[in-house]
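Open the model in your viewer and show side chains as sticks. This tour goes from one selection to the next.

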Amino acid sequence: MRTAQFWMGATLSTTLLMSAAEASPPACHEGMDDNGNPCEEAKAKKAKVGLLADPPRGSALGVVRTALAGTKAPMELIGLTAGEFTMGSPEGESGYRDHRDETQHRVRVSAFEVCKTEVSLAQYELVMKTKPNNCDHGCDAQHPVQTVSWFDAVKFLNKLTELENQSIEGVKLTQCYDETTGKWTRACTGYRLPTEAEWEYAARAGTTTAWSFGSQEKDICNYSNVRTDACKDGYEKLAPVDTLTLKPNAWGLHAMHGNVWEWVFDAYASTYDAQVANPDARVIRGGAFNNGSEYSRSALRLRLQPVYGGWSLGFRCARGAVPQP
């Protein structure tokens, strides 16, 4: 078990975080898995994936879409091809703590789009007309939005889909979530959270090391805003989502390690192979500015109740890939 502090309203509460694990492919929900594949197809794909030692497959296509175009807070999405990688971590990995929920297994991911940066305060305020940040840690427009719950993220993504429809002629995007239950309509075409497998695929960016830049903690400050004695990243609190002082990963994605924890869609399950997930606990990924570097490893997974909106909790947007003619 691990503990971390989150700011909840007017009091600081210490919330117990449990190691998160989600079946991959996840349990079937109305005949579909979390990647939008029919369950039987997902089972067939799982049976055909490569070996753990096989190299990762997949690549980035660069920026393929800009949401909120023409506003003061545009949001760029990077296209990622379908691919395959070994999810989880090997025993003895740098920063390794509790291997039970990081069991390595091979995963195939469909093509999708993911935001280049974490959602900024300016983007959140533009869409939701509210400013939820705890200003003790950063309230500039380009700081990542924080103190948002999983349900806050879901509402933002539905609202963003609605706003984007105002600039689309013809077939409109469809919202992805029931905001009360959190149920995901798998056939949706609008904006959504990445699945846990998609998140790790994007964070690794074709690598197999503890972090996307390698396995040496001393290098983390070139890429990440975390708490470490190994180096100095130049930030005591939040870093701007578009900072040029911290490098993106090989696929052009910023702050996949550190800055704020990022909600993903997946509900918690006790092991990767579990068929029943707990909807009252959602997975967070990536670590944060106030956590040690080991929490920002590509494979590190924690869970948290989706109603919580702690001061180091944010998210980034994703969308299913649009078929090319």
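Select Cys176 to begin. Its relative accessible area is 0%, so cysteine 176 is buried. The model is predicted. Now add cysteine 188, which is joined to cysteine 176 by a disulfide with an S to S distance of 2.0 Å. The link is right-handed, with 85 degrees about the S-S bond. The pair links distant parts of the chain: cysteine 176 and cysteine 188 are 12 residues apart, each in the loop between H3 and H4. Cysteine 188 also counts as buried, at 14% relative accessibility.

How many disulfides does the structure hold? It holds three.

Go next to cysteine 221 and cysteine 231. Their sulfur atoms are 2.0 Å apart and form a disulfide. The torsion about this S-S bond is about 85 degrees, so the disulfide is right-handed. Both cysteine 221 and cysteine 231 sit in the loop between H4 and strand E8 (261–268), 10 residues apart. Cysteine 221 is buried at 7% relative accessibility, and cysteine 231 is buried at 15%.

Now pick cysteine 135 and cysteine 139. A disulfide joins them, S to S 1.9 Å. This link is left-handed, with -95 degrees about the S-S bond. Is each end buried or exposed? Cysteine 135 counts as exposed at 55% relative accessibility, whereas cysteine 139 counts as buried at 17%.

Select cysteine 115 and cysteine 317. Why is there no bond from cysteine 115 to cysteine 317? The two sulfurs are 4.1 Å apart, too far for a bond, because a disulfide needs sulfur atoms within 2.5 Å. Cysteine 115 is buried, with a relative accessible area of 1%. Cysteine 317 is buried too, at 0%.

Stay here and add methionine 75, in strand E4 (residues 75–80). Methionine 75 touches both Cys115 and Cys317; its other contacts include Leu68, Val119, Gln123 and Phe156. The C-alpha atoms of methionine 75 and cysteine 115 are separated by 7.0 Å, though the residues are 40 apart along the chain. Methionine 75 is buried, with a relative accessible area of 2%.

Follow Gln123 into helix H2 (residues 121–128), where Leu121, Ala122, Gln123, Tyr124 and Val127 are buried. Their cover includes E4 and helix H3 (150–165). Just after H2 comes lysine 129, with a positive phi near 60 degrees.

Finish at helix H4 (residues 196–204). Nine of its nine residues are buried, so H4 is largely enclosed by the rest of the structure. Among them are Glu196, Trp199, Tyr201 and Arg204. Alanine 205 follows H4, and its phi is positive, near 50 degrees.

Methods
Residues numbered from 1 in each chain as written. Predicted model: local features only at pLDDT ≥ 70, side-chain atom pairs only at ≥ 80, totals over all residues. Heavy atoms only, no water. Helix = DSSP H or I, 4+ residues; strand = E, 2+ residues; numbered from the N terminus. Buried < 20%, exposed > 50% of the residue type's maximum accessible area, 1.4 Å probe, protein only. Contact = heavy atoms within 4.5 Å. Lists of a residue's contacts leave out its neighbours within four places in sequence.
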